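Hello,

Here is the model I promised to pass on. Could you have a look at it when you have a moment?

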Protein chains: 2
Amino acid sequence: MAAPRTRTRIQAKNSEAILEAALDVFSQYGFRGATLDQIAEVAGLSKPNLLYYFPSKEAIHVTLLSGLMDTWLDPLRALHHDGEPVEEILDYVRRKLEMSRLYPRESRLFANEILQGAPRILDQIEGELKALVDDKAALIRAWIAEGRLAPVDPYHLMFSIWATTQHYADFDIQVHRVLGQEGDAPFAEAERFLTQMYRAALTPAR
Amino acid sequence: MAAPRTRTRIQAKNSEAILEAALDVFSQYGFRGATLDQIAEVAGLSKPNLLYYFPSKEAIHVTLLSGLMDTWLDPLRALHHDGEPVEEILDYVRRKLEMSRLYPRESRLFANEILQGAPRILDQIEGELKALVDDKAALIRAWIAEGRLAPVDPYHLMFSIWATTQHYADFDIQVHRVLGQEGDAPFAEAERFLTQMYRAALTPAR
DNA sequence: TGATTGTTTGACCAAATGGTCAGCGGCACG
DNA sequence: CGTGCCGCTGACCATTTGGTCAAACAATCA
């Protein structure tokens, strides 16, 4: 829709390069802070050429966000009702943390957008996202009713998982500076900590 | 330093109005996305008048951030070594959550700055913040050594507290839309959830 | 080869943006 | 009451920004 249908190789290559560059720039400066010139430079294209592939700055941004939401929800979709509840949720935490490690720019793009009031993805939040969350909240409530999970508010449980895992992508600079570490070390530590915390909080008393 | 020394009443009033307006605008759009015209309009002053009180856009931003860091660390400073460790930390969580509820703009301003690489507060992060965190981490380690707290990584514990509490300010729109609620209701629920979660995770096995 | 379609760009534009400045008005105080 | 400083503003400026367009250039295929 926003991008021309990817027919030729050139189109495929350049559209990809633009989105890749835009992800870099938007995720760092937010929508209003990013400029087409920056994106063009990172993409190795001229500004008019960008606008040959996308009708506007906003179209690039929207394309990125839409394409992203789907991927972003995958870890939650994979929360299945078979399996041990506590371990299922711990797996979800690990998948979500892995997303932060592998796709920090995507996480920041999201954070930026929501910080600014989510003007371009409110629909998806109230639609897809809410529907999926409601669905999984019901699953969690069922587990709790069966006594297989400590009684916790499923919505705030999910919020806390989002917050703690995305923190390592979004606040990456702070984490590294406070720890005085570099690279992926914090992620390994975070996995241990979060596993331990959520296991303690979710294991039902017996 | 950045603002002229507040001598007269007019200066006090206008400097305050400018910072208040700037907090509004910067916290919503980030530094690059905010404009002086916007700030001036919100403050009810003319743009040249803004620049009579502050030498530049950046000076306003820096003034806000510097003044903020101190307040922001207060809840952590209040973590005392006397008292029951688990309850001390739960109090800290509640204070931090209360900050998010009362000062969401401040939280977003911070989030925006860190998302963008914290160019203007890296020093304070590596200085004040790190020093305070190191100090409190030692306190937590001592509690653990005494067997009064479950053995957890103190740094990642603090990260998780920051993440979960600030989430309710920074991702406020998402929280409200997913819950289908308005107002402060999510904060009351969050307090219950976080208290429960951290109590479970921090209470030592016996 | 030539015609057609797809791709790229330099030059340009209007609007917005951060910032300047000369001067005007008003408040305070001797 | 006058004079001097504080507060304020309209007009202005250079630069940046999103976006346009005609024309040049490349790829493809009959």
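Below is what I found at the protein interface and around the DNA.

This is a predicted model, in which local features need pLDDT of at least 70 and side-chain atom pairs count only at pLDDT 80 or more, while totals for chains, interfaces and linings use all residues. Residues are numbered from 1 along each chain as its sequence is written, chains are lettered from A and ligands numbered from 1 in the order in which they are written, and side-chain values use heavy atoms, with hydrogens and water left out.

First, the two protein chains. In contact (heavy atoms within 4.5 Å) are 52 residues of chain B and 52 residues of chain A. Two salt bridges link chain B and chain A, counting a side-chain nitrogen of Lys or Arg within 4 Å of a carboxyl oxygen of Asp or Glu. One joins the side chains of Glu126(B) and Arg177(A), at 3.2 Å from N to O. On the side of chain B that touches chain A, α8(B) gives the largest share, twelve residues; helices here are DSSP runs (H or I, at least four residues), numbered from the N terminus.

Now the DNA. Around strand C there are 17 residues, each with a heavy atom within 4 Å of it; among the closest are Tyr53(A) and Lys57(B). A polar side-chain atom of Asn14(A) lies 3.0 Å from a phosphate oxygen of DNA strand C, whereas Lys47(B) places a polar side-chain atom 3.0 Å from a base nitrogen. From α3(A) comes the largest share of the surface near this strand, four residues.

Best wishes

Terms used: Helix = DSSP H or I, 4+ residues; strand = E, 2+ residues; numbered from the N terminus. Polar contact = N/O pair within 3.5 Å; in protein donor to acceptor, adjacent residues only side chain to side chain.
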